[in-house]
Amino acid sequence: MAMEPTVKVALGTASFAIFWVLAVFPAVPFLPIGRTAGSLLGAMLMVLFNVITADEAYAAVDLPILGLLFGTMVVSVYLERADMFRHLGRLLSWRSQGGKDLLVRTCVVSALASALFTNDTCCVVLTEFILKIARQNNLPPKPFLLALASSANIGSAATPIGNPQNLVIAVQSGISFGDFVFGILPATLVGVVVNAGMLLCLYWRELSDEKCVDVAHDDAVEVVEEDDVTSHRFTPATMSHPRGRGARLIDGSSGSPDAAGGCEAHCCCCCEPEKPDADATKVGIHQRRGGAVGVNGAVVAKEEEAYNSVEEKEELAMEEWKNKLWKTCVYVITFGMLVALLLGLNMSWSAITAALALIVLDFKDARPCLEKVSYPLLLFFCGMFITVDGFNKTGIPSAFWEFMEPYARIDTPTGVVILALVILFLSNVASNVPTVLLLGARVAASAAAISPAAETNAWLLLAWVSTVAGNLSLLGSAANLIVCEQARRSRQFGYTLSFFSHLQFGFPATLVVTGIGLLLIKSN
């Protein structure tokens, strides 16, 4: 592709540079408008500077990717409501045998969860729980936060729905869900094991050998106690209970037996017997009748309370049964979506169909669940598609690839290493999704000239390296930033994961895991 006129190249590059700065540094002092607004600003500048036309900008928005992303986010929302992530959290601490065992479990659970529910979702829901476990067992939070973020990134590489760049690759390449999974799964499994091993070697001394507390069991106890208190709140039946010992009767005298007995003794010792007065007799009869009414009222109130208690228990049992049935249906529909994806059905419509099935199954206003969808992320993708397409039209990415292509061919080991280093560098400088959009088609076209199998391998290599590249630095992926921010803002278990403390582990681990994955994918 020939380079565009100098003015258009300069304006397109400036628009992309603004997008890049705001995407990597969303709170930059001179324009703290965030990633989403920065993405839309870059898109608007591309059209305003006539780098691309308005029609080309609309055409650049990839609706299948947005549909797949929206569908998976809705499904994740309902899975969270169905306590899927709570069960994963319990799995972390169930019969844990110490800090090292807990670290390995964190790697496995976060990798599995991110492959099925995206790495960002996994990090959002598990960070607080992992901090809690670490604090309760007097363990340092740092290795567990690194395990969560790094394993979530590695695990997300296994499926097209694990992270946004995989969504882009799956849609653009046309690789089926099953071929994608079986092509990258060996590298993912070995990568998670190697990553966990490096964490254990680096933090072996800091991890205690004491047996961990079963946090899930403790949480269950707390829930039971809270439910017990809630079920014994005052109701109208208990508030109308008859007055007991020491209460006053209708005539204002005390109903306490002690008070009555004291009065009689006083009269016997200090007063001469008197003839009962008619009024006094009436009062005594009234008192006895009032006492009888009070006793009968107590019996009736107790019967009503027992009846209401039975009714409440039946209602609670019915609600619990309905809730379990609903959760089971959520899991079944999600499993059906995964089966549809494995069978090669359209990924976007499979995810959207599953999302709408869950909404209908819920049988209530879907607004609260739909409000949890990350619409800013969808808008970010729209702006990014337009911005990257405009930058592509300047001719700069094509010129760069024409220079690198002779050295980055995937039919030679040296070419694979050079290609991987280029992807690692660009993924940490320009972010992984823009890197995939910029290089994906070019890398695939170069590999297709070798063989169809080489083209598939090129897409899988791009997916693997661009995903694992997120572990190199704290700014390498959104999952890292989510873990860092969630940990820092935690009220009870706050911890700050610094850039350099992450780099200390992330840099060597990324190079090792990436290299092992390249060998396994290349050999498929």
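Begin by selecting R81 and D362 in this predicted model, where the two side chains meet in a salt bridge with an N to O distance of 2.8 Å. R81 belongs to helix 4 (residues 63–81) and D362 to helix 15 (residues 347–362), so this pair ties together parts of the chain that are 281 residues apart in sequence. Colouring the two partners by accessibility separates them, since R81 is partly exposed at a relative accessible area of 30%, whereas D362 counts as buried at 9%.

A search of the whole structure finds six salt bridges, and two others are worth a stop on this tour. Select D101 and R105, which form a salt bridge whose closest N and O atoms are 3.2 Å apart. Both residues sit in helix 6 (residues 99–117), and because they are four residues apart there, about one helical turn separates them. D101 is partly exposed, with a relative accessible area of 24%. Then move to D411 and R409, whose side chains meet in a salt bridge at 3.7 Å, N to O. D411 is partly exposed with a relative accessible area of 41%, and R409 is likewise partly exposed, with a value of 30%.

Next, display helix 5 (residues 84–93) and pick out its buried residues, which are M84, F85, L88, G89, L92 and S93. Continue past the end of helix 5 to R95, which follows this helix and has a positive phi, near 50 degrees.

Now turn to the interior and select T188, which is placed in helix 10 (residues 177–203). With a relative accessible area of 4%, T188 is buried. If residues up to four places away in sequence are set aside, the residues that T188 touches are I154, G155, A157, A158 and W464.

From there, go to T467 in helix 21 (residues 452–468), a residue that is also buried, its relative accessible area being 2%. Leaving out residues up to four places away in sequence, T467 touches N153, S156, A157, N163, Q165 and N166. A157 is therefore a useful residue to keep displayed, as it appears among the contacts of T188 and among those of T467. For a distance to check in the viewer, take the C-alpha atoms of T467 and S477, which lie 10 residues apart along the chain and are separated by 8.3 Å.

The cysteines come next. How many disulfides does the model contain? The count comes to zero. For one example, select C123, whose sulfur has its closest cysteine sulfur in C122, at 5.0 Å, which is too far for a bond; the cut-off for a disulfide is 2.5 Å between the sulfur atoms. C123 counts as buried at 0% relative accessibility, while C201 is exposed, with a relative accessible area of 67%.

Finish on the surface by selecting F25, L475, F499 and F500, which together make a nonpolar patch of about 410 Å². Within this group, F25 is found in the loop between helix 1 (6–24) and helix 2 (34–48), and F25 is partly exposed, with a relative accessible area of 41%.

Note on methods. Residues numbered from 1 in each chain as written. Predicted model: local features only at pLDDT ≥ 70, side-chain atom pairs only at ≥ 80, totals over all residues. Heavy atoms only, no water. Patch = residues over 30% accessible without salt bridge, like charges linked within 9 Å, V, L, I, M, F, W, Y side chains within 5 Å. Areas by Shrake-Rupley, 256 points an atom, 1.4 Å probe, with all protein chains shown as cover. Salt bridge = Lys/Arg side-chain N within 4 Å of Asp/Glu carboxyl O. Helix = DSSP H or I, 4+ residues; strand = E, 2+ residues; numbered from the N terminus. Buried < 20%, exposed > 50% of the residue type's maximum accessible area, 1.4 Å probe, protein only. Contact = heavy atoms within 4.5 Å.
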